[in-house]
Amino acid sequence: MSDDGGLWLLMAGPAGATGLYWFLYRHYRNTDKSHAFEHETAVEAKPVTGSDEKIGQVKGTRETRIAGDNVGAYRTRVQRHGDDTERGK
Amino acid sequence: MTNAKMPPPPPPYTGPGSPQDVPPTPGSYPIDPDTLPEPIRNEVLAPDPVAIDTSAPELKDGLNRCPKCGATDIRHKVGSDLLVCLYCRNEWDGARVEEEFGFGTGLDDLSGTIMASGAGDIAADAVNLMSFKCSGCGAEVTVNTQSQMTARCHWCRHVFGVNEKVANGAVPDAVLPFHIKKDDAVARIRQFVDKRRMFALKAFKEEFTPENVIAVYLPYMIVDGKASVDVAGQGEIETRRYTQGSGDKQKTYYDADVYRVGRHVDFTVDDLPLESSSERGNLDTGANTNNIINTILPFDTKNAVKWNASYLTGVSSEKRDRDVAHLRPRLEDQLLSIARAQVQSSVSRYDRGVRWEQERLDVHGTRWVSMYLPVWLYSYQQPGGKGSLLHYIAVNGRTGETMGSVPVQQWKLLLAALTVGSFLEGIALWILGNAS
């Protein structure tokens, strides 16, 4: 067994303890729950339009995902710009 | 064996586990329950209280059935407040605001900010205590609109309610009457807590009396909206995957094409509920458990009926204290989240994910209706100076959806975590010992 593999295996105890702690904590306290309004509200959307333009390549990265991937984090706000929102009308 | 380090600190307001994060899908578990010790697994996998599904497809029709025959072929009887069943000719009172004021139609034509009369701004000098002259005997009776909307005249026992619109925000446009009875709510709370007993705070278990649940009408703004959202960012598609090195030094590398991605979506939202009480709208999981009450949304607001204080007889209520202007940032935030969820399927070909960098929201029109929604609320005040916290268990008064916060006995939880951790570490050491 290599040092690397051994180290990973030794992490099993602390990782299992921490994982179980958080799992049970959330099961009891439900701090991660909220109204899933994205899916539980009646939304009627017109077909999504858009553009896709190739701008470059990445070679030989070891990352499995793009840096800052937020495609599933709907509630994380990014830079707002040029809003034309009817405020206070 | 295991390092006896302290558990990680509770999650901060915006961090993982807070309501700012997308909640997990119901029934999904971060850890596969099959890998857990049997007593814990049995508790976790016990059934949840059944909730009637009122998610988007069902909300669309908002069926109002004839109480006599169950038929849905129902028309407004012109010239009265009665509804008539075209099948059995039964007539009854039940003016749904949806048809009454046309709240369910014209979403595509929304423009500007339309406010129903009960959603108007709260006057700065409005008072909570209101005096009425009893129409039965002429005595002066005071109603504290902070928590009650009806009162009984202490002289002649005549019951009356606050029905006319007053400028303190206490009278909404509509009310959704309770459907879930107290016995049902108590049973659901009991079932919910029975799933969470092993590591619950001892005092909580000893003092647990679900019969003390109270019926309360909480204030919400129900918002229809029409909006357009543009999002822009970068996405990556994997083109090649290869490994270099050998044995333990083997590493995987990826090549990818980078794209500039832009998406545009026009959409309408029907009946999005927003808490219109500043206290209930504060979802800081570190300081309160209001996210529990947020979780039991949505309600079948399509079936709300025109305001009549008689619905609130014997039930307490909380007064609205937020105006449309206060809630607009929250609405914009939720509209953006909805749009991001809508465009997700259109970027599925970016298998290495998309990093959205900019977003733009155009709200074309909104319609605001204030409403009292029915909630069964059980509360437990966890004692202890700094760790003091008010835990709620809430049951949706229409669908029966149940959610709650059960205080935990920290030492028991730590002991269980350390025991399981030690067991895993023991296996790991055994494997390592045998391998070398």
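Which residue of β14(B) does A:Gln79 stand opposite? The close-ups below, all taken from a predicted model, start with that spot.

**View 1. A strand pairing that joins chain A to chain B.** Here β3(A) runs alongside strand β14 (residues 354–382) of chain B, and the two pair in the parallel sense over two bridges. The partner of A:Gln79 is B:Gln358, which stands opposite A:Gln79 in β14(B).

**View 2. The contact between chains A and B.** Chain A brings 77 residues to this contact and chain B brings 103 residues. On the chain A side, at least two residues come from each of α1 (3–10), α2 (12–29), α3 (37–40), β1 (42–45), β2 (49–61) and β3 (79–80). Look for α2(A) in particular: with 16 residues, α2(A) gives the largest share of that side. The side of chain A that touches chain B is a mix of 26 nonpolar, 28 polar and 23 charged residues.

**View 3. The largest nonpolar core, with 89 residues.** Among its members, B:Leu335, B:Met371, B:Leu373, B:Trp376 and B:Ala394 touch the most others. The largest share of this core, 13 residues, belongs to β14(B). Leaving aside residues up to four places away in sequence, B:Leu335 touches B:Gly225, B:Ala227, B:Val229, B:Val269, B:Leu361 and B:Val363.

**View 4. Confidence along chain B.** The mean pLDDT of chain B is 81, and 80% of the residues score at least 70. Among the elements of chain B, strand β16 (residues 402–404) has the highest mean, 95, and helix α2 (residues 56–61) the lowest, 40. Residues 1–13 of chain B stay under 50, as do residues 54–63. Where pLDDT is low, please do not read the predicted coordinates in detail.

How values were computed. Residues numbered from 1 in each chain as written. Chains lettered and ligands numbered in written order. Predicted model: local features only at pLDDT ≥ 70, side-chain atom pairs only at ≥ 80, totals over all residues. Contact = placed C-beta atoms within 7 Å. Helix = DSSP H or I, 4+ residues; strand = E, 2+ residues; numbered from the N terminus. Nonpolar A, V, L, I, M, F, W, Y, C, P; charged D, E, K, R; others polar. Pairing = 2+ DSSP bridges. Core = buried A, V, L, I, M, F, W, Y, C linked by C-beta atoms within 7 Å. Buried ≥ 20, exposed ≤ 12 C-beta atoms within 10 Å, placed from the backbone. pLDDT = per-residue confidence, 0-100.
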